[in-house]
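Q: Could you take a close look at one helix in this model for me? I'd like to know how it sits against the rest of the fold.

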Amino acid sequence: MSEPTRTARNGQIVVIFAVALVAIALSVGLVVDGGMAFLQRRDGQNDADLAALAGTKVIADAWMDPRDSAASRGTVYETIRQQMARSACTTATQCTWTAHLIGPRQSDLGELTAGAGGSVGGSSPAILGVRVDVTRRTRTFFLGLVGQSAWNVSASASAMTAQPSKAPAGQLLPIALHEPIVPFAKGQIYDLTPDKIAPGGFAWVGWSKSRSVGNSTCTPDNPILDLKGGTPVTRASDYSWSQVRRCLENWQGSGATVLIPIYAADSVPPTYRIIRVAAFTIRSVPDSKEGDIQAYFVGTFAFAGVPAAASEPPQPTDSLYFLGLVK
């Protein structure tokens with residue numbers, strides 16, 4: 001083999017090796033730097049989720065509690081800023097964010113700014129939540145060899161609060177409680193009396209013919225109930241008190257919040273028109289089915305399943321309200 005031919009082939013090998021080396025570096029860079037970017041995006045998504053929820057909680061309180069009705073847009077902004085600081089999303093960590101107020105059906109109501117005035121409760125159009133957009137700038141390692149020294153990773157989250165027009169499925173105990181004349185007071189213990197057609201009275205109701213009242217007490221299985229129109233439900237007269245009592249004692253022992261439907265005072269038994277939902281914890285269970293169930297009124301209860309098309313703000317008279325991320 002002549003010397004020029006050998007030299008040419010050696011030159012080709014060097015070129016091929018250089019190209020292969022760059023390809024290997026790019027492949028490794030995509031894996032390593034791409035993995036870092038994925039982790040940064042996950043962190044950014046967590047930041048956006050927590051900040052959107054924190055800001056929306058201020059808005060929910062402004063609608064539901066008259067003492068918080070003066071909460072301003074600046075208050076919402078500062079709440080989000082503090083949450084972002086706790087999440088280490090600051091300019092020092094090359095993390096930036098913006099927040100926008102959102103209204104009915106996630107309509108954009110403008111960007112939030114520090115010190116902004118204007119109440120977020122009682123506004124028109126109704127301010128229902130916050131959208132937070134986060135951008136994290138992450139440094140690359142291998143991709144810097146080809147001039148990509150950093151890239152931006154973005155995430156966004158929207159949270160809303162709303163008045164429920166429907167009670168969620170699989171959440172309510174089969175207890176239809178009479179609409180009170182005086183609204184329940186948070187922190188008070190109430191006697192719930194069976195078969196009493198008056199405030200404080202309730203009736204056991206059946207959600208499904210295929211399941212007993214006892215089973216529905218242990219594991220709620222109600223259908224979605226229209227609270228605006230008032231979904232009618234029927235009294236259940238045939239049930240095993242021993243099973244119901246055992247299930248109620250389980251709720252009492254766990255201390256978990258239970259949701260109890262409230263029927264309109266103008267309902268005509270044995271049909272009860274469900275119009276609201278109240279949140280209680282069970283404090284004591286009677287020995288007989290004629291005795292009173294004692295229950296502690298929790299007050300407002302935030303349910304996370306926010307409908308994307310929500311359009312009405314929660315009201316002070318609502319016990320159940322939506323507050324959560326919009327998926």
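A: Let's set the scene. This is a predicted model, and its chain comes to 4 helices and 15 strands. Of the 327 residues, 44% count as buried. Take the contacts between residues at least 6 apart in sequence: 71% of them join residues at least 24 apart.

Now for the helix I'd pick, α4, which covers residues 241-254. With 14 residues at 1.5 Å each, α4 should span 20 Å, and its end C-alpha atoms are indeed 20 Å apart, so the expected and modelled lengths agree.

Which residues of α4 are buried? They are Trp241, Gln243, Val244, Cys247, Leu248 and Trp251. Look down the axis of α4 and those buried residues fall within an arc of 165°, so they line one face of the helix. The spacing fits the usual helix geometry: an α-helix has 3.6 residues a turn, so residues three or four places apart point the same way.

And what does that face pack against? The buried residues of α4 meet one helix, α3 (213-218), along with the strands β8 (201-204), β11 (258-263), β12 (271-284) and β13 (293-299).

Finally, have a look at the end of the helix. Just after α4 comes Gly255, and its phi is positive, at about 70°.

How values were computed
Residues numbered from 1 in each chain as written. Predicted model: local features only at pLDDT ≥ 70, side-chain atom pairs only at ≥ 80, totals over all residues. Heavy atoms only, no water. Helix = DSSP H or I, 4+ residues; strand = E, 2+ residues; numbered from the N terminus. Expected span 1.5 Å × (residues − 1). Buried < 20%, exposed > 50% of the residue type's maximum accessible area, 1.4 Å probe, protein only. Arc of directions from axis to C-beta. Contact = heavy atoms within 4.5 Å.
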